[in-house]
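Hi,

Here's the structure I promised to pass along. Have a look at it first, and my notes follow underneath.

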Amino acid sequence: MTCIWNLRVFLFLVSVALAYKERECALPQREREMGSISMLFFFFLILVGCAVQSHGGKTSSFVRKDEKAIDMALDSDVFTVPAGYNAPQQVHIIQGDMNGEAVIVSWVTQDEPGSSKVLYGTSEEKLEFSAEGKVTQYKFYTYTSGFIHRCTLRKLKHDTKYYYEVGFGHTTRKFWFTTPPKVGPDVPYTFGLIGDLGQSYDSNRTLTHYEMNPVKGKTVLFVGDLSYADNYPNHDNVRWDTWGRFVERSTAYQPWIWTAGNHEIDFAPEIGETIPFKPFTHRYPVPYRASGSTTPFWYSIKRASAYIIVLASYSAYGKYTPQFKWLEAEFPKVNRSETPWLIVLMHSPWYNSYNYHYMEGESMRVMYEPWFVKYKVDVVFAGHVHAYERSERVSNVAFNIVNGLCMPLPDPSAPVYITIGDGGNLEGLATNMTEPQPEYSAYRESSFGHATFDIKNRTHAYYAWHRNQDGYAVEADTMWFYNRFCNAMDEPSASS
Ligand SMILES: *[C@@H]1O[C@H](CO)[C@@H](O)[C@H](O)[C@H]1NC(C)=O
Ligand SMILES: *[C@@H]1O[C@H](CO)[C@@H](O)[C@H](O)[C@H]1NC(C)=O
Ligand SMILES: *[C@@H]1O[C@H](CO)[C@@H](O)[C@H](O)[C@H]1NC(C)=O
Ligand SMILES: *[C@@H]1O[C@H](CO)[C@@H](O)[C@H](O)[C@H]1NC(C)=O
Ligand SMILES: [Fe+2]
């Protein structure tokens with residue numbers, strides 16, 4: 001951060017010099033020259049200091065094989081349709097209420113609507129409860145979806161393993177999940193972080209590394225861009241189905257908290273598809289009503305000791321818009337004595353020093369960053385850029401069009417911004433970085449990977465990013481997070 005301060009000193013000296021220049025005329029010639037020379041020399045020193053220190057944190061020099069990310073072939077093992085007539089497929093779950101006492105189960109049947117009922121219970125042998133869901137279907141250009149079911153299981157006990165069964169007749173399938181502990185300030189909980197996953201061989205590596213990580217994530221915070229079906233001709237929605245089958249091995253057993261990315265928009269007027277987010281909203285329900293939201297694109301949940309706010313980079317967020325009004329009312333509702341950890345998810349990052357999507361998050365940052373600082377958000381996770389980056393705690397909220405104060409500055413009330421769009425989709429890695437690395441950027445690396453955010457108690461959380469080339473237990477970038485509400489001290493500099 002030193003350069004920012006050097007710059008401030010520099011600007012100060014410029015103003016001193018200008019003032020000096022005004023008085024200069026009164027001085028004898030020689031004195032004037034000496035003054036100018038020593039002033040120039042001083043500027044030179046400051047500039048040298050700045051040049052030497054003007055890089056930010058670490059740009060990893062890790063070298064990986066530069067292969068193109070290729071989608072897994074349609075006949076890959078991960079896309080196998082489960083056996084049996086009308087067998088439920090693409091099973092996934094998400095928290096179904098504000099506090100973690102409900103779960104929404106969703107799945108697809110291909111041959112007929114069948115049943116939208118879920119049988120569930122705490123004993124694998126005896127599924128004593130049942131809940132009735134509903135079924136929907138959509139068309140996209142020449143594609144017609146299977147029968148998409150969603151069913152909410154309510155009044156679940158906290159911290160309890162439930163078994164559940166979907167399907168009917170001869171083809172039923174059974175899975176399980178564990179409900180989160182009751183919301184409270186000292187409840188440990190481990191989140192996984194995955195973004196921009198897609199369905200390439202690299203995507204499969206990322207998911208495998210997440211599953212094999214000795215730190216066991218219990219819920220995935222997914223920062224947007226799921227299937228990348230829209231990269232296929234006419235947004236071939238078959239790739240939404242394959243994606244649902246690919247991730248089922250995780251999504252059927254633990255909630256993935258969805259954020260809408262640009263690849264969920266599926267706006268294609270050239271083929272008559274003008275309803276944005278149609279496949280995404282039909283397939284991936286979220287509990288938005290529980291937080292008073294009016295659409296699935298922004299919402300919040302409490303889970304264990306965390307309050308998670310999901311924002312929409314691709315819905316209106318300007319002043320007076322529904323999202324703005326919702327967020328304005330939402331921040332004051334967060335009770336940090338109950339949920340000390342305040343986490344925000346969005347797709348397009350605000351602090352990104354790659355030459356991809358550079359400054360795309362800027363307009364939203366201008367709108368909302370003052371609230372993030374005021375309400376002391378602990379961490380913001382975003383995707384979109386297909387690489388990894390972690391920021392220092394910085395804010396950039398002083399600018400008012402005319403005052404020139406438009407630099408990110410160290411700010412202990414500001415969140416850490418993490419870009420984790422490195423799931424491994426077919427578009428490949430973002431490798432082109434802005435140079436020099438900005439002061440606010442603590443660590444950046446263009447590798448595929450995932451992370452875990454391991455909350456220990458109200459004051460401490462351990463964060464670790466893993467790259468896919470390493471062994472499952474290897475951490476490539478780590479940081480101890482001190483809670484901004486309960487333990488707002490400077491964190492030790494990260495070990496990486
Ligand atoms: C995907 O990963 C799983 C788990 O590591 C493995 O069993 C499977 O063969 C992989 N599939 C492909 C197509 O890479
Ligand atoms: C905040 O949460 C704490 C702990 O659960 C509780 O005692 C307190 O009443 C809550 N405050 C408000 C304003 O709801
Ligand atoms: C990296 O991005 C910059 C800015 O967009 C561009 O000028 C430059 O050509 C790019 N470099 C490479 C190697 O693609
Ligand atoms: C919170 O967790 C940290 C890290 O595990 C530990 O050092 C600290 O003692 C814990 N605090 C309390 C009050 O248990
Ligand atoms: Fe994206």
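Asn-262 is partly exposed in this predicted model, since its relative accessible area of 23% is not under the 20% that would make it buried. His-347, on the other hand, is buried, at 0%. I start with these two because both are donors to the iron ion (ligand 5). The other protein donors are Asp-225, through OD, and His-384, through ND1; Asn-262 uses OD1 and His-347 uses NE2, and the donors lie 2.1 to 2.3 Å from the iron.

Don't expect a neat geometry there: the angles between the four donor atoms run from 85 to 170 degrees, so the arrangement is irregular. Along the sequence the donor spacing reads D-x36-N-x84-H-x36-H. Asn-262 sits in the loop between strand E14 (256-257) and helix H5 (278-283), and His-347 in the loop between strand E17 (341-345) and helix H7 (362-374), so the pair ties together parts 85 residues apart in sequence.

As for the rest of the chain, there are seven helices and 26 strands. Of the 496 residues, 57% are buried. Among contacts between residues at least 6 apart in sequence, 71% join residues at least 24 apart.

The largest nonpolar core has 92 residues, with Trp-258, Phe-372, Phe-453 and Tyr-463 making the most contacts inside it. Leaving aside neighbours within four places in sequence, Phe-372 touches residues including Leu-311, Phe-331, Met-346, Trp-350 and Tyr-417. Another core, of 17 residues, lies apart from that one, and Val-103, Trp-107, Ala-131 and Tyr-164 are among its members.

Cheers

Note on methods: Residues numbered from 1 in each chain as written. Chains lettered and ligands numbered in written order. Predicted model: local features only at pLDDT ≥ 70, side-chain atom pairs only at ≥ 80, totals over all residues. Heavy atoms only, no water. Core = buried A, V, L, I, M, F, W, Y, C linked by side-chain atoms within 4.5 Å. Buried < 20%, exposed > 50% of the residue type's maximum accessible area, 1.4 Å probe, protein only. Contact = heavy atoms within 4.5 Å. Donors = N, O, S within 2.8 Å, 3.2 Å for Na, K, Ca; no water. Tetrahedral: all angles 85-135°; square planar, octahedral: opposite > 155°, others 65-115°. Helix = DSSP H or I, 4+ residues; strand = E, 2+ residues; numbered from the N terminus.
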